[in-house]
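New to this one? Take a look at the sequence and the model first, then come back for a quick tour.

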Amino acid sequence: MVKEPVRILVVGGGYVGMYTALRLQRKLKPELKRGEAEIVVVTPDPYMTYQPFLPEAAAGSISPRHVVVPLRRVLDRCRIVIGEVKAVDHAKRTASFTTLATEDEGAGPVDITYDELVLAPGSVSRTLPVPGLAEHGVGFKTVEEAIGLRNHVIEQMDIASSTRDPAVRDAALTFVFVGGGYAGVEALGELEDMARYASRYYHNVKADDMKWILVEASGRILPEVGEEMGKYTVSELRRRNIDVRLETRIDSCEDRVAVLNDGSRFPTRTVVWTAGVKPHPVLAATDLPLNERGRLNCTAQLTVDGHAHAWGAGDAAAVPDVTADDPGKECAPNAQHAVRQARTLGDNIAASLREQPLKEYTHKYVGSVASLGLHKGVAHVYGRKLKGYPAWFMHRVYHLSRVPTLNRKARVLAEWTLSGLFKREIVSLGSLEHPRAEFELAAGGRGPKESS
């Protein structure tokens, strides 16, 4: 009888999913060639997004296509399924998922069996029950959101330039960012820098006309770069006339008015929500153990605690930090840990299939870097603190070295070089969000704004 190949199911195509599958197709190359193993990656998108480049994509420094890595090209020895896992029954070694064709087929979710499970769906934005947030807020986790926000900011400048109503103009030129972590600070810094540059091409919109507000519930921003660099970041942003509100929360953004808990009210058409993340909801639809925050209970070997043949890492997993002095401390849910854990995870799965001992995930703290706009940044790397141009340069060098594939490295470097030689692009392509609108109007239909 022909022995069935060992099927490794990877749920998610983000940092952990892509890097684990990449590691596995290298480590298991003989087994894959002989047909003794197969790797199946189920992911909602056919690409992995390198999220540290989203702020630069929003600012126009990098093309959106170069922020993402096509999975089919990189994982050429894996089977890529574009779909979304809805439930996992690990006791039966089955997972159910939907695909782009599921609704047309009318057959419901598809079941797939597996021998080894890598559960790495990542995280989703952690929202709060703020009135008006669902209707008026925008996130900053995907390349679509980054490019949409860039188009939106330039569109608001166009509205302000053309309106005669002072209230409309004021709301259009007020931009509120909620969350003082990497995503919020870098997005705010890059977009403010871009909008400041773009304002020189408007006859009646000046940089000082715009209000940029950063709302953070805690008493500091960018905790990853240390307290000193965090304070420097606050002073640098305030020097650029950015209103940084620490120990402040947003209570409402109904009727396009951002209301803060300190009593401030800002009419605005832009509320960007970057106030943290939470584990993907699919984890709750499994029979695997979760901690109080909804993350997978994992061991230092990246196995799911108490469940053989199940593995986890990244944002979705609570992995003990064996290098920390506190025995109960867990690894932070960030990209740096996710990429490193994926290497250990791939090695351990290959070792498990070959009945070899597993390794614990250990790491050394390298540091943190953050961009605050063109030629501006902060960094805390190998104990050294940098700010301004050196930190910005370190930010670019570090992330260029980390972005996957030589193809992407070369394209990003080329774009940075060209952007240094030529002026920035300040074009808004907001119509990309509704590409059929003009044809629908021509055909006698209604545009998206009318139909909504």
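Here is a short briefing on surface patches, unusual backbone angles and a couple of individual residues.

This is a predicted model, where local features need pLDDT of at least 70, side-chain atom pairs count only at pLDDT 80 or more, and totals for chains, interfaces and linings use all residues. Residues are numbered from 1 along each chain as its sequence is written, and side-chain values use heavy atoms, with hydrogens and water left out.

**Surface patches**

- Patches are built from residues with over 30% relative accessible area and no salt bridge, joining like charges within 9 Å and nonpolar side chains (Val, Leu, Ile, Met, Phe, Trp, Tyr) within 5 Å.
- A salt bridge here means a side-chain nitrogen of Lys or Arg within 4 Å of a carboxyl oxygen of Asp or Glu, and accessible areas come from the Shrake-Rupley method with a 1.4 Å probe.
- Arg26, Lys29, Lys33 and Arg77 make up a positive patch on the surface.
- One of them, Lys29, sits in helix H2 (residues 29-34); helices are DSSP runs of H or I with at least four residues, and strands are E runs of at least two, numbered from the N terminus.
- Lys29 is partly exposed, because its relative accessible area is 41% and that label covers the range between buried (under 20%) and exposed (over 50%).
- There is a nonpolar patch too: Tyr389, Phe393 and Val397 together have about 310 Å² of accessible area.
- Phe393 belongs to helix H12 (residues 389-402) and is partly exposed at 48% relative accessibility.

**Positive phi angles**

- Asn241 isn't a glycine, yet its phi is positive, at about 65°.
- You'll find Asn241 in the loop between helix H10 (227-239) and strand E13 (242-245), where it counts as exposed at 56%.
- Arg256 is another non-glycine residue with a positive phi, near 60°.
- Its spot is the loop between strand E14 (250-252) and strand E15 (257-260), and Arg256 is partly exposed at 36%.

**Two residues and their contacts**

- Thr344 lies in helix H11 (residues 335-353) and counts as buried, with 12% relative accessibility.
- Leaving out residues up to four places away in sequence, Thr344 touches Leu302, Lys359, Glu360 and Tyr361; a contact means heavy atoms within 4.5 Å.
- Val138 is in strand E10 (residues 137-138) and is partly exposed at 26%.
- With the sequence neighbours up to four places away set aside, Val138 touches Leu149, Val271, Val272 and Trp273.
- Val138 and Glu224 are 86 residues apart in sequence, and their C-alpha atoms are 24 Å apart in space.

Methods
Lys, Arg positive; Asp, Glu negative; His and termini not counted. Charge placed at Lys NZ, Arg CZ, Asp CG, Glu CD. Buried < 20%, exposed > 50% of the residue type's maximum accessible area, 1.4 Å probe, protein only.
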